[in-house]
Structures are given as structure tokens and as C-alpha cells.
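Thanks for asking me to look this one over. Could you open the model and keep it beside you while you read?

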Amino acid sequence: MKTDGGADFHQIEADVLTTEDLPGAPFDLTYCRFFLMHMPDPVAILEKMHRWTKPGGVIAVQEFDFGAMTVEPICPAMTEFFRLFEGVFRGHGRNLRAGRQLPAQFEAAGLGIPDGTRAEVKFLPMSGMAAMLIGVYQGLFASAVELGIADDARAEAFKREIAEATADGRYYCVTPILIGAWRRLA
């Protein structure tokens, strides 16, 4: 395929856990976003990305750090949100702090220290976050029920408390930090 600017690219569908060689590798760029946090061994994935990137090429990764996410002042609805969110992530072996671990993972994968990093966070009124928070809660609800950490009564109370917090107008959310790291291979 060609982009409007004339760059040539190919999309390859494969299971990263079982795939060792990719057609066309090595590449100028290997990139993943919101992926390593779901992997049982993120360093192994970075090692594969390293093998799949040509000298002079770039490995780029973006992951969230959910550990910094908060609401001020303390909001009862968010206590429930964090309980369910963290319970599902931990219950399925997911990494809530993947973003802040990128430099150490780059080094462990033999990439060296990243050439650069960038972090972005927003501080938004609850009115700008409520729909997303409810959507995430609802999206995780079935999994939380399977783990035994959710029920309909808590879910209804969460939605009611988020609506109240949004109407109150004094609550502000610090979003998860989006952290990117990249390295150009020698």
C-alpha cells in the first residue's frame, strides 16, 4: 500500500507471542501502543521488535501509567472505579504501571536507554471525563463479575455517584499518563 505522501507500508496480521519471523523484516519502524501492558513478558516483545527493526530504524512504544490517575477532591465514585479497574487489571495479569517501566524494559531487551521519552497528562473537569469513566467501567463489568468483584448494585451506585460528581462541578480528573519512548538502532 502507498500513503498519500508516497510511503510504502504493509500490514501484517500475526500472533506476536508465537511469531518469530515476519515477512519483509527488518523494518524502518516497529511501533506498539497500549500493548505491552497486556503482555506477560513485555521484554520478550521488545526483543522481537528489536529483531524486526533494521539498523538505523526506530522502535517506538506508547503505554499508559494508570498509577498517577486521580480525582480531586476525593470522589466516592472514583473509589469504586479504581477498585474495579485495578481488580480486573490485576486479576488478568495486566500491568497498571507499564508506561513508567519503559526505560528499564528497553534496557532489559538489549535496546539501551531510550533516545527520548515523552509524557502527556491532562487535568480535566469531571464533566469532560464522566462518559469515558462510565464506558470503561461498563466495559470491564462482565470481567469483574467473573472475578467476583462486581455486582449490579455497585454498578448502579457508581453511575449515580458519577452523575452527582459531574453535576457538582468541583471535581477534576488527572488522566492516566501517556508515556512514549523510542530508540534508533545503531
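Here are my notes, first on the sheet and its helix, then on the cavity.

1. Please bear in mind that this is a predicted model. The points below should be read with that as the starting point.

2. Let's begin with the sheet. Four strands form an open sheet in the order S1-S2-S7-S4, and their pairing is mixed. Strand S1 (27–33) and strand S4 (116–120) are the edge strands; each has a single partner strand, so one side of each has no neighbour in the sheet. From one strand to the next, the twist averages 10°.

3. Within that sheet, have a look at the pairing of S2 and S7. Strand S2 covers residues 53–65 and strand S7 covers residues 177–184; the two run antiparallel and are joined over eight bridges. If you want a pair to pick out on screen, try Ala60, whose bridge partner in S7 is Trp182.

4. Next comes the helix on this sheet. Helix H1, made of residues 42–51, lies across S1 and S2. The angle between H1 and S2 is about 150°.

5. How many cavities of 30 Å³ or more are there? The count comes to one. For the largest cavity, the volume is about 30 Å³, a value worth keeping in view beside the 30 Å³ cut-off used for the count.

6. Finally, which residues line the largest cavity? They are Phe66, Met69, Phe82, Phe85, Glu86 and Leu96. Sorted by class, this lining has five nonpolar residues, no polar ones and one charged residue.

How values were computed: Residues numbered from 1 in each chain as written. Predicted model: local features only at pLDDT ≥ 70, side-chain atom pairs only at ≥ 80, totals over all residues. Heavy atoms only, no water. 1 Å grid on protein atoms, 1.4 Å probe; cavity = no way out; pocket = protein on both sides within 12 Å on 5 of 7 lines; lining within 4 Å. Points joined across faces, edges and corners; volume = space filled by probe spheres on them. Nonpolar A, V, L, I, M, F, W, Y, C, P; charged D, E, K, R; others polar. Pairing = 2+ DSSP bridges. Axes fitted to C-alpha atoms, helices over the stretch in contact; angles between N-to-C directions. Contact = heavy atoms within 4.5 Å.
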